[in-house]
Amino acid sequence: MITLDRFILEREHAHPGATGELSMLLMRFGVAGKRIARELAVAGLRHTLGSAGSENVQGEEQKKLDVIANEILLETFDYGGLVVLAASEELEAPYVYSRNEKVGKYAVLFDPMDGSSNIDVNGTLGMIFSIRRRHDGTEDDLLRSGREQVVAGYVLFGPSVLLAYTSGDGVHLFTLDPGIGEFLLSVERVRMPERGKGYAVNEGRSAGWAPETRAFVEHLKQKDPAGGRPYSTRYSGSLVGDVHRILLEGGIYLYPADASAAAGSAKPKGKLRLLYECHPLAFIVEKAGGAATTGTEPILDVVPDSLHARVPLAIGSRTEVELYEKFVRGSNRLSPSSGRGPG
Ligand code: AFP
């Protein structure tokens with residue numbers, strides 16, 4: 001029975017000079033994940049399903065549980081003097097922990113409730129988090145590449161509650177044992193398959209996609225048993241749910257830029273938030289042997305120009321992500337049999 005705390009502490013000892021502070025923060029995300037899981041489990045009994053009657057900075061309707069999860073996370077880092085800033089998908093500006101302003105060494109970032117449209121239908125949900133080092137304790141500390149993340153992880157709220165994280169040395173998966181209220185190690189050093197059989201994308205939006213993206217998705221759907229096609233569609237409405245499936249089974253998730261004609265629904269830079277969703281999941285996926293791209297550059301190299309910057313995302317197994325980049329570059333001269341690009 002290797003609990004999350006024990007696993008983190010044992011690995012910390014492998015790093016001479018480790019202060020234990022990052023371990024402490026990671027364990028706290030575990031506690032916040034358990035508290036949010038509990039809120040989800042009783043939401044139907046506590047009348048905390050449904051809308052909060054407010055909009056977040058993205059102009060999206062906030063669900064009551066978006067707000068509750070956000071508050072739980074803000075509270076979680078308010079003591080111990082470690083964290084100076086918390087940036088959330090639900091907050092316009094970073095939350096500053098005034099009492100840690102002088103001493104706090106870290107900033108935490110989170111999407112408190114990923115897949116909110118699944119809340120009221122008891123669908124898959126997630127919480128995405130990451131930790132960065134403090135530079136001058138301002139918002140500028142966050143407007144940096146994804147390679148500056150020191151820890152990234154997610155909690156998946158599904159039939160089981162799972163926590164996956166990386167601190168740069170492998171991706172590790174834990175399962176919550178509700179009987180003892182502890183995350184227990186289920187898989188150490190998860191490796192993503194080199195290629196998969198499934199793809200996740202909202203095809204209802206294909207009218208707004210670039211022709212190269214449409215061609216790529218059409219390519220995955222063509223009949224070619226030798227080349228492992230057609231792929232199956234698996235789209236849950238929760239990025240965490242889809243990326244977790246791909247972490248274990250391979251494949252690709254896409255949320256492309258979307259120039260839909262209908263004004264207001266256009267997402268010329270895609271929908272997903274770079275700092276709260278794409279950077280953390282790209283760090284996890286790269287450490288598990290996969291890849292994440294905008295179509296033209298690695299997600300981890302993208303430097304946000306604002307706190308709520310969005311980017312197009314293609315994330316998953318190396319084979320599919322590299323093939324997608326070839327389609328975007330227009331260099332996807334396919335060999336008839338393999339269904340794969342050259343080389
Ligand atoms: P919400 O948290 O607002 O439901 O968004 C979820 C999400 O960011 C990601 O988890 C999904 O894959 C994607 O957006 C769903 O977006 P569409 O509804 O446009 O397909």
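The protein chain folds into seven helices and 15 strands, where helices (H or I, at least four residues) and strands (E, at least two) are DSSP runs numbered from the N terminus. This is a predicted model, in which local features need pLDDT of at least 70 and side-chain atom pairs count only at pLDDT 80 or more, while totals for chains, interfaces and linings use all residues. Residues are numbered from 1 along each chain as its sequence is written, and side-chain values use heavy atoms, with hydrogens and water left out.

Let's start with the overall dimensions. For 343 residues, a compact globule would have a radius of gyration near 20 Å, and the 20 Å of the protein chain agrees with that; the radius is taken over C-alpha atoms, and the globule rule is 2.2 Å times the number of residues to the power 0.38. Along the principal axes, the C-alpha atoms fill a box of roughly 60 × 45 × 45 Å. Of the contacts in the protein chain with a separation of 6 or more, 62% join residues 24 or more positions apart, with contact meaning heavy atoms within 4.5 Å.

Next, burial and surface. Buried residues account for 54% of the 343 residues; buried means under 20% relative accessible area, exposed over 50%, and partly exposed in between (1.4 Å probe, protein chains only). The accessible surface comes to about 14,500 Å², and 52% of it belongs to carbon and sulfur atoms.

Now to the interior. The largest nonpolar core holds 40 residues, and F29 and M127 touch the most other members. Such a core is a set of buried Ala, Val, Leu, Ile, Met, Phe, Trp, Tyr and Cys residues joined through side-chain atoms within 4.5 Å. Helix α2 (residues 21–46) gives the most to this core, with eight residues. Leaving aside neighbours within four places in sequence, F29 is in contact with L73, F77, V108, F110, M127, F129, S130 and I131. Apart from this core lies another, of 34 residues, with Y154, L162, A292 and V311 among them.

Several loop residues deserve a look, and the table gathers four of them.

| Residue | Loop | Relative accessible area |
|---|---|---|
| H47 | between α2 and β1 (51–55) | 64%, exposed |
| N122 | between β5 (106–114) and β6 (125–133) | 75%, exposed |
| M192 | between β10 (182–187) and β11 (198–200) | 7%, buried |
| S238 | between β12 and α5 (239–249) | 0%, buried |

The two buried loop residues have plenty of partners to inspect. Not counting residues up to four places away in sequence, S238 touches D114, G115, N118, T124, L125 and G126. S238 and N118 are 120 residues apart along the chain, yet their C-alpha atoms are separated by 7.5 Å. With the same kind of sequence neighbours set aside, M192 is in contact with I246, L247, G250, V285, A288, G290, G316 and S317. The C-alpha atoms of M192 and R132, 60 residues apart along the chain, are separated by 25 Å.

Finally, a few backbone angles are worth checking. Most residues other than glycine have a negative phi, and most peptide bonds are trans. H47 has a positive phi of about 60° although it is not a glycine. N122, also a residue other than glycine, has a positive phi near 55°. The peptide bond from R229 to P230 is cis, with omega near 5°. P230 sits in the loop between α4 (211–221) and β12 (232–233).

How values were computed: Areas by Shrake-Rupley, 256 points an atom, 1.4 Å probe, with all protein chains shown as cover.
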